[in-house]
Amino acid sequence: MAEAVAARAEKAVPRAPVLRGRHDFPEISGRISAIVLQGRLPRFFWAAFFVCFAFVLLFLYSITYLISVGVGAYGINIPVAWGTMISSFVWWIGIGHAGTLISAVLLLLRQPWRASINRFAEAMTLFAVAMAGLYPILHLGRPWFFYWLLPLPNTHMHWPQWRSPLVWDFAAIATYATVSLLFWYMGLLPDLGVLRDRAKSRPAQLFYGILALGWRGSAFHWARYRTVYFLMAALATPLVVSVHSIVALDFTFAITPGYHSTIFPPYFVAGALLSGFAMVLTIAIPLRWAFAVEDLITLRHMENAAKLMIAAGMIVIYGYASEAFFAWYSGQPYERAMMAQRAVGPYAPLFWIMLFCNCIVLQLLWLRSVRLNMPILFSIALIINVGMWLERYVIVVTGPSRDYLPSSWGEQSLTWLDFGILFGSLGTFFALVFLFIRILPAITIFEVEELIEEKSGAA
Amino acid sequence: MSVIADIKPFPAADLAALRRAATGREPWRSLDELADTAEFRRFVEEEFPAIAERLPLSLDRRTLLKLMGASLSLAGLTACSEAERIVPYVHQPENVVPGKPLYYATALSSDGYGIGAVVESHEGRPTKVEGNPDHPASRGATDAIMQAAVLSLFDPERSRTPLKQGEPASYGDFLKDMAKLAGGLAASGGQGLALLIEATTSPTTKAQIGSLKQRYPRLRVYRHDPLAASANEQATAKLFGRPLTPIYHFDRADVVVSFDADFLGEEPGRLAYARDFARRRRVRQSTDTMSRLYVVESTPTITGAAADHRGAVKPSAVEGVAVAIKAALEGGLHAASLSPPSLEWTHALVDDLRIAGRNALVVPGPHQTPFVHALAFAMNARLGAVGNTLDFIEPPDAMPIDGDLAALCQAITTGSVDSAMVLGPNPLRTAPSDLDVRKAFSKLELLVHWGLYRDETAFLAQWHIPAAHELENWSDIRAYDGTVSIVQPLIQPLFGGKSLPQLLAVLGGEFNADMQALVRATWAAMDEAGWRKALRDGVVPNSASAPVAVSMPADIGAPKPHASVADRLEVRFVADPWLRDGRNANSPWLQELPRPLSKLVWGNAAVVSPATAQRLGLENGQVVNLGRGGKDIDAPVWIMPGQPDDTVTLSLGFGRKIGSVAALAGGYDGFALRTTDAPWFADSLMLTARDSSARVVTTQHHQAMEGRAIVRYATLDAFRQNPHFVREGVPPAPTESLYPDWKYDQEAWGMSIDLSACIGCMACVSACQAENNIATVGPDEAALGHEMHWLRIDRYYAGAVDDPDILFQPVPCMHCEKAPCEVVCPVNATIHTHDGLNAQVYNRCIGTRYCSQNCPYKVRRFNFLEYQEFDKDSAGPQQAVHNPDVTVRSRGVMEKCSYCVQRIVEKRIRAQIENREIADGEVVTACQQACPTQAITFGDLNRKGSGVAREKAAPHNYALLEELNTRPRTTYLGKITNPNGLIAGKPGTETGNG
Amino acid sequence: MSLHGVIAAFADPNALTQAARAMRDKGYRRMDAFSPFEVRGLAEILGMPRTRLPWTVLGGGIAGGLLVYALILYSVEIDYPVNVGGRPLHSWPPFTVIAFEAAILGAALAGFVGMLRANGLPRYYHPVFNAKTFTYAQGGKFYLLVEAADPRYRKGVTKGQLTRLGAETVEEVEA
Amino acid sequence: MQIGEGMPQVFSSNANGIARFVLWGLCFFAIFVAIGGTALLRSGFITGVGRPVAQAVPFSHKHHVGDIGLDCRYCHNGVETSASAGLPPTEVCMTCHSQIFTNADMLAPVRASLASGQPLQWQRVNSVPDFVYFNHSIHIAKGVACETCHGDVDDMPLMHRAHSLSMEWCLGCHRDPGPNLRPPQDVFLLHWKPPQDIEEVRGSLISILDIHPETMTDCYVCHR
């Protein structure tokens, strides 16, 4: 089976190969673990890291300010009582999807090209979910009571209100975070073994050794490991879909015009993939160049990611279209008015920029030349990231700002805090990515070796 | 915080213990049983040590917000905190049971006229003003300003001590100086002394001034009240030989014509008038009849909004219209008809008047010319209305007056007056701009000022004496119809203020006269029992003035010819509905209460019509420079549909920077352009647009209904053809739900709001704020859309923009049976109760704001920041105004209309103790109680024949957005108007659904 | 000091697989193999029974789901029934959403813990690490370990057999 | 590098034992924290049950109620009519103490209070948060006795909490008031001995007093 795939991979000219050049096992494990163990990282790496760290500080400051002064400090009001905290939350969750999708779904589909990018894609997922997890708490008027969403044995005899999508959210995010963590850690186990054995310094040996749980590559272990890893992938896949569907239900469940729409779940999932893969590219393109691993993370990976982006993107575009169509077709004056206001109302500029980013720019990816041109691909990825954030913001604010009673129509105006928190979390996210690259193997050693084995086996 | 830091902690007769719910309304009793005991005084000190301190005038904004809404009770951590202190009385005053409020009848002054009130007092702490049902001017209703009286009582910036040359001095020293003065006066017969009073109807004051004048023959008394209008006095004096005051009986009027008279919003009798007017417009079935109201007005008012036919004309044109109508009435209308209004309009109106005959009523606007009054009275006389819908009485506010402010200044400059006592008014601020009061007053050898605040005049005065607040005061006051009420104190003067009678007594040589004794003396004829009854009931029986018979002279004179300069703008001055002449400028409740039509808060604007704005290329908020008579001001523009073209309406009362709350507000000072000759309107206003713009804060940004069936309205004829017009052309209400119906087998609380009755006066909103401890947020927060009112009155325009229908719709929480807000709350913070209330549990709320997102009516309000201070020690004196039966909400918590659940619970507990059902009408919500037109009905839907059940049975009962199937418990009765079919083109002559 | 067994290093997976099969045919039972990545089929050759981990995962899922649904049901029906927006007490559609998430969580945890248990991890000290020749990390080497406890184990003989099967190195491992 | 150069055995032979110990330890610790926390919330540490509160005047309910046998209402006279039971004004203390113990030191503050008119300051013992609205009169009227919530005050030299007054505790009775009911005339009795037929009595009380437990757990019953 696997051989067959690999063979196909070979046959498929002009497709770029999954790996370029001939490799052998020691060379691979050496090169990859060297990034971590020798820790000889280029100067720009640290430069970039400290830039991010500045944003981490901004993040901390903003959060402190928000909690001590109150949510009134950022741009929410009545009627638009939700703002960037929610849109950024949805955006981060979206980004958190590509990782699991790549590793889980592609694993189930036995896609060999997954191997060299799944590790950092999963890491990206974890960090994105961590960021996303913060937002709902920062969103609260009384953040210190967020644990009331949990069924705890308390003295006021109260339970969560299970019918509220926010509670589903809580369950979904918590589950998703845990499962992604387990999945990621399981994937790491064998490589941690490698690092343990390759580590020279005692602390490093202990650090990786403890994490490796004494992994020694026994055949029996491998067999069970494989079984569970596949099962987890099988679990993660429906989970991914459910998580973003539930996030979409936060809106769908409400009767507010612009929220109340059945198309949301699928189209949010697609949107998640779009933004997720955009973020994968945003990270992978600099990474492969910086660490000179173009031969491991090849153009093939980039191209496939781009193709998936356009696939997801087209679904999203369909989502936009059907949203508008059904607003009109429903004949509901409220839906119609809201949709019209979206196009011409106070938030129209954001709406049109969003359409430009997610619909027009996306089309470039049809061109192979574009898909294979890293600078352009990179900038497209960035543009789509922006577009997807705007999409979420437009959805969050336009509905309530133009809902049922014109007397209470109104807009919210963003403050520095909205941006402080958004960019702060971006900085924190990338800082975490940098740390991860520094202390853990960003490329799965054992799977790459497996690939080589399969290649040589097929040859 | 520094301000409050130095305030002692609250030992207080333990607010925590005494805070709890009250059980029931005691018969109102006179406070003297209690008020004057030393215990009481000490008790007050115990309770409000903060009040004894002196606050600096400069407060930073956060402190200010806290002061504005500081609280007695904290929703929060006390749960796990250590034991708090609790303090009993030393001698418990009889009839005070801690935890049970007492109710006292008194009267509050509105432009000098009394409106009866019943004030709720918790352990000697006045917390809420209600109307006095036995009082003719109140009939149980209140207006927005009365509600705010309790807040101004505790205003930390009230004047706290006598000042001599601006330095704190003792009242004793003042008395010494006065003794000297009095000595001199006795010799000179009052030579050189002048009193300046404001409009008042107090018999005691009148008597005291009378006796002073006997004692000092040369004493001069002047009156200055910037909001008093003299036209009626002049007109009646000319017509009948002596000044008389008209009072109207709208309950008898079939057809009412108003010449620029805002009798629902401005006149001293407005609450009674509104009640009578609404009674004639109560339609429940097709056989019911309605009165008809024509309004010709020079700036949009709530009276105009209530009109069936409204003509907007320049202020100066009203006279012309009146002339034309009178001519038509006498059959002599020549083609010299004016437009607007059109000839046909005039004829239709006149026909109506003729048909109505003695049941017609023509009301002249107090601000209009004496001739307009003459015309109006003549028409009434001709129609036979005098004695039926219109009565004349002796002016309740008649005082032995020697002249007005101008005369005083004149006297000062000529040197015939060298010392003056300014008792109440603040001439330095409210004088016409062509009168240099400062110059005149600085000539005085002695200037004594008596007032609530250390205002502009006080700064100039040698002596400033703090006045007692009307809730600290013994006095008496007449209502619009002459009925006398005794004003009794709810609390001993917090800052040692003195009453007006006391000051007058000082002049008379009584240096430590007792407040009560002075008033009692006026009513010496009354025996003790009668006195107590008068205090208990809040009215002196049979004290209303009897109507006097008048004979209308044939010749009513001719209009004063005035050359109106065609190409110039006219200016119309109106008092701000809440701040009046600026006396209430330091009240955050009133500053933040949206103006009925513009919905502006924390500032005023120059109002222009859309057409004029277009002609001059103006837009909302754009700053314009307005010049007149050499003076000029900058003001932001506000474009208001229904405003007559080429007329700029300026309001008085803003632009005042003394007092830190007032300083927060924006707006301009309208007095700057006001002159002696033209106090209410004038022409030749110069307007130059500037290219800057100023912030104008409004609580409603969108004015049209977007073709949605929100306010459903129809004409009386349309209603008769189809009583169910509210169902016309709207999506049918869903009849079934996916979810099983819940049983509400005990009470099922519900509310019905009659849109025909609602006149948009905002009393309900103010009452709601007072009852439910609703925070004020200040202009900056309000501008962000963070205002907190639980109940709002939406104002929509329909029809032509130059002559629109103006529709009001009060929107409280709908208490939906299928509440969208509840399902989405993740922590059960808002859930349903067995009697169908949509309960909001503040202490459970974590502030996801999902409920607000999912509320189609957007009635939920959120504490975006910490608007109220919880720490009893650091919260300012104004925490004393809080209703102890309602939790004060913390930052980050959602809140909304609770149907005044604290009142429901109070009544239920009472009923359960007595082991009976809650009677219909026993539970009254704050908004319902305040409403002058009884537009709001509340009660138990399960009870057969309950008031609310009957209202909801009316054919034109409908629920807002009922197609959403949220099953609201609050429903509306569609608005029914009664326009004259002969007048075409009036929007609303067909049924309208937005 | 006691002997744990002998470990032989082979150049590539196939060599290892053949060697393992051969030794198995020779009747060795207590063997283990080590490789930097999974060598398919090796475990079966070494006689590993079919793993029951899938059942563990399924069990975890069902347990998680049912438990949470039961909790919800108890809270809304028995412990504190309240009228929320006029919805029925037992609103199953929303409840299933949460139960589903819980099921996934249960399954994943069960799988992970089950895998560790079945593999006897964590096991930080293991004799095989004593072997000079053994290193998991290098990659490129594939090891077969025959335990001294194996009844067929004969010091010299076993070593010889392994060498004959093409082992690059054969070394004794201390326990 | 050559095979075997690496010395892979990182951990000593007892590492496995330690690992196992740590893992199990963590599990048990988690369980312990969960159970402990739940218990702690309800313990006297948090609720203050049974902890006497020092007072400026060491007033003894044991003496006044237990020994002398004063009726609760002698001092707490608002209890039947008002939300708050009320505290005795100083003059009430002095009705007796102007006759007896007239110059006992411990009563000095009381005399001082009467003289100066400055109220006595007590430490609140049975307090609920400010967002909880408790009404004494309705409980008295519906046959919930003083001792049901306040315990045997005649055994309290210094006042202390008899119950946690937590929402859990309140709800316990609001969900099923029956067991805590007694004929309203008996509510002021301490150590009340229920009659034999108490069950029927309670049953009938529920209907006679028109008590609706299903409505007594509505939020606004306590929170407004």
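Start by colouring chain A by burial: 58% of its 459 residues count as buried. Keep in mind as you click around that this is a predicted model.

Now switch chain A to cartoon. You'll see 16 helices and 0 strands. Turn on the principal axes if your viewer has them; the C-alpha atoms fill a box of roughly 70 × 55 × 40 Å along those axes. How does the radius of gyration of chain A sit against that of a compact globule? For 459 residues the globule would come out near 23 Å, and chain A has 23 Å, so the two agree. A contact map is worth a look here too: of the contacts between residues at least 6 apart in sequence, 82% join residues at least 24 apart.

Next, bring up chain C alongside chain A. Here 50 residues of chain A are in contact with 55 residues of chain C. On the chain A side, select α2 (25–37), α6 (165–198), α8 (219–252) and α16 (445–458), each of which gives two or more residues. Which of these gives the most? That's α8(A), with 16 residues. Colour this side of chain A by class and you get 28 nonpolar, 12 polar and 10 charged residues.

Last stop: hide chain A and show chain B with chain C. In this pairing, 12 residues of chain B are in contact with 7 residues of chain C. Pick out α29 (820–824) and β33 (830–832) of chain B, which each supply at least two residues of the side touching chain C. The largest share, 3 residues, comes from α29(B). By class, this side of chain B splits into 7 nonpolar, 2 polar and 3 charged residues.

Note on methods. Residues are numbered from 1 along each chain as its sequence is written. Chains are lettered from A and ligands numbered from 1 in the order in which they are written. This is a predicted model: local features need pLDDT of at least 70, side-chain atom pairs count only at pLDDT 80 or more; totals for chains, interfaces and linings use all residues. Helices (H or I, at least four residues) and strands (E, at least two) are DSSP runs, numbered from the N terminus. The radius of gyration is taken over C-alpha atoms; the globule rule is 2.2 Å times the number of residues to the power 0.38. A residue is buried if 20 or more other C-beta atoms lie within 10 Å of its own, exposed if 12 or fewer, and partly exposed in between; C-beta atoms are placed from the backbone. Two residues are in contact if their C-beta atoms, placed from the backbone, lie within 7 Å. Ala, Val, Leu, Ile, Met, Phe, Trp, Tyr, Cys and Pro count as nonpolar, Asp, Glu, Lys and Arg as charged, and the others, Gly among them, as polar.
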